[in-house]
Amino acid sequence: LWLQRISDGGIRALCEGCRQLEAIDLDGCAKLTDASIAALTEKCDELRELSARALDGITDRALEHVVEHRHTLQKLDVRDCAQITADGVQHLHNTYRSLQIESSFEDQLWPAYAGPRAWLV
């Protein structure tokens, strides 16, 4: 399923109809905002993997939705999201140490490791 043109409303509808969704790749879906991440984390009870690379419309508020609602999430990719900050990623990591987070801040947050520090636990 190619979702690049999907909007927040489309994600909300998807969440209503697919509450058992376990994984979704939203990479490059330019129209999406924090509202999509909120819908996924609040409605999809089985969500384990969420890839949201290069989404300029999501912010640290999206990470807060993960903190508030998605303790079942195991992997999250927010690389190349212009409005996600190192502080937001660090807060999420501190809250859910078992969550594997892929972000653009590995070198800043975990400088002892070379290369992507994607799946730190």
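In this predicted model, helix α3, which spans residues 60–69, packs with α4 at an angle of about 10°, and the axes of the two helices lie 9 Å apart. Because angles under 35 degrees count as roughly parallel, this value makes α3 roughly parallel to α4. On the side of α3, the contact is made by Asp60, Leu63, Glu64, Val66 and Val67, while α4 contributes Gly88, Val89, His91, Leu92 and Thr95. When these residues are sorted by class, the contact of α3 with α4 comprises 5 nonpolar, 3 polar and 2 charged residues.

Helix α4 itself covers residues 86–95, and within this helix Ala86, Gly88, Val89, Leu92 and His93 are buried. These buried residues lie on the same side of α4, because they cover an arc of only 165° around the axis. As background to this pattern, an α-helix has 3.6 residues a turn, so residues three or four places apart point the same way. Gly88, Val89 and Leu92 are thus named both among the buried residues of α4 and among the residues of α4 that make the contact with α3.

The model also contains an open sheet of 4 strands, arranged in the order β1-β2-β3-β4 with parallel pairing. The edges of this sheet are formed by β1 (23–25) and β4 (100–102), each of which pairs on one side only. On average, and with direction ignored, neighbouring strands of the sheet are turned by 5° against each other. Strand β1 runs parallel to β2, which consists of residues 49–51, and the two are joined by 3 bridges; in one of these pairings, Ile24 has Leu50 of β2 as its bridge partner.

Definitions and conventions
Residues numbered from 1 in each chain as written. Predicted model: local features only at pLDDT ≥ 70, side-chain atom pairs only at ≥ 80, totals over all residues. Heavy atoms only, no water. Buried < 20%, exposed > 50% of the residue type's maximum accessible area, 1.4 Å probe, protein only. Arc of directions from axis to C-beta. Axes fitted to C-alpha atoms, helices over the stretch in contact; angles between N-to-C directions. Parallel < 35°, antiparallel > 145°, perpendicular 65-115°, else oblique. Contact = heavy atoms within 4.5 Å. Nonpolar A, V, L, I, M, F, W, Y, C, P; charged D, E, K, R; others polar. Pairing = 2+ DSSP bridges.
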